[in-house]
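Welcome! Let's look at this structure together and ask how each description of it is earned.

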Amino acid sequence: MSAVEATLAELGLSLPAVAAPLASYVPAVRSGSYVFTSGQLPLVEGKLGVTGKVGAEVTPEEAKELARTCALNALAAVKSAIGDLDKVVRVVKVVGFVASAPDFTGQPGVVNGASELLGQALGEAGVHARSAVGVAVLPLDAPVEVEIQVEVAD
C-alpha cells in the first residue's frame, strides 16, 4: 500500500475502482511528467447517489461531500495511469464544475471538498491552482464534476 493510500485509510477512505467512461474517452492520460484526468463524477460503486442542482435540490454541504468523492475518483484514475500514487510530485490544477441553481454563487465552497481531500491525502503536494465553475447541467444530472492535473516522478 502506498503512503498516500495509507493516509486515505487513516481518513476512513479507500480508492474505488476506476469509474467506467460514460462515452468515448479514457479516465486518465499520461503525457510526459503529467497525468490529466477526465472529469470525474461522484460515482460510488458505479452509481450516482444524488442528482440535481446545487442551491435547489442539493445543498452546498452535500455538494461539498460529492466533490470530495469526485477527487477520490480522480486519484483512482491517476493511479490507473501511474500505478503508485506515491509518484505524485504535486497536484498542479483542479477544475470543479458545479451544476448550479440560477442564484447559487457558492461554487468555490463546493469545490473545497475536492481541494481539502487532495491536501489531506497528499500534504504539501496536494496544494494546487484551481477553477470552480458554475454550469447549467452535468452528465447524468450530477451536481458536481472534478478533473485534476498532476505532475509525477518517473
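Q: Why is Glu45 called exposed?
A: Glu45 has a relative accessible area of 78%, and exposed means over 50%, so Glu45 earns the word. Keep in mind that this is a predicted model. Glu45 sits in the loop between strand E3 (43-44) and strand E4 (47-48).

Q: What else is there to say about Glu45, for instance about its phi?
A: Its phi is near 55°, a positive value in a residue other than glycine. Leu140 has a positive phi too, near 60°. Leu140 is placed in the loop between strand E6 (129-135) and E7.

Q: Why is Asn73 called buried?
A: Buried means under 20% relative accessible area. Asn73 has 4%, so the word fits. This residue belongs to helix H2.

Q: What makes the side chain of Asn73 a partner in polar contacts?
A: A polar contact needs a pair of N or O atoms within 3.5 Å. A polar atom of the Asn73 side chain lies 2.9 Å from the backbone oxygen of Leu41, and one lies 3.1 Å from the backbone oxygen of Leu43. Both distances therefore fall within the 3.5 Å cut-off. Leaving out residues up to four places away in sequence, Asn73 touches Pro16, Gln40, Leu41, Pro42 and Leu43.

Q: Why is Pro21 called partly exposed?
A: The term covers values between the 20% limit for buried and the 50% limit for exposed. Pro21 has a relative accessible area of 35%, so it is partly exposed. You will find Pro21 in the loop between H1 and strand E1 (28-31). Beyond its neighbours within four places in sequence, Pro21 is in contact with Val26 and Pro27.

Q: How do you know that Val29 is partly exposed?
A: The reasoning again uses the 20% and 50% limits. Val29 has a relative accessible area of 42%, so it is partly exposed. Val29 is part of strand E1. With neighbours within four places in sequence set aside, its contacts are Tyr34, Val35 and Phe36.

Q: How do you describe the way helix H1 and helix H3 pack?
A: Two packed helices are described by the angle between their axes and the distance between the axes. For H1 (residues 3-10) and H3 (residues 107-122), the angle is about 120° and the axes are 8 Å apart. Val4, Thr7 and Leu8 of H1 meet Leu117, Gln120, Ala121 and Leu122 of H3. Sorted by class, this contact has 5 nonpolar, 2 polar and no charged residues.

Q: What makes a set of residues a nonpolar core, and which residues have the most contacts inside the largest one?
A: The members must be buried residues of the listed nonpolar kinds, joined through side-chain atoms within 4.5 Å. The largest such core has 39 residues, and Leu75, Leu122 and Ile148 have the most contacts inside it. The elements giving two or more residues to this core are H1, helix H2 (60-82), strand E5 (88-99), H3 and strand E7 (144-152). H2 gives the most, with 12 residues.

Q: Which residues does Leu75 touch?
A: Not counting residues up to four places away in sequence, Leu75 touches Leu8, Leu15, Leu85, Leu118, Ala121, Leu122 and Ile148. Apart from the largest core lies another, of 6 residues, among them Leu43, Leu48, Ala99 and Leu138.

Notes:
Residues are numbered from 1 along each chain as its sequence is written. This is a predicted model: local features need pLDDT of at least 70, side-chain atom pairs count only at pLDDT 80 or more; totals for chains, interfaces and linings use all residues. Side-chain values use heavy atoms; hydrogens and water are left out. Axes are lines fitted to C-alpha atoms, for helices over the stretch in contact, and angles run from 0 to 180 degrees between N-to-C directions. Helices (H or I, at least four residues) and strands (E, at least two) are DSSP runs, numbered from the N terminus. Contact means heavy atoms within 4.5 Å. Ala, Val, Leu, Ile, Met, Phe, Trp, Tyr, Cys and Pro count as nonpolar, Asp, Glu, Lys and Arg as charged, and the others, Gly among them, as polar. Buried means under 20% relative accessible area, exposed over 50%, partly exposed in between (1.4 Å probe, protein chains only). A polar contact is a pair of N or O atoms within 3.5 Å; within protein, one must be able to donate a hydrogen and the other to accept it, and residues adjacent in sequence count only if both atoms are side-chain atoms.
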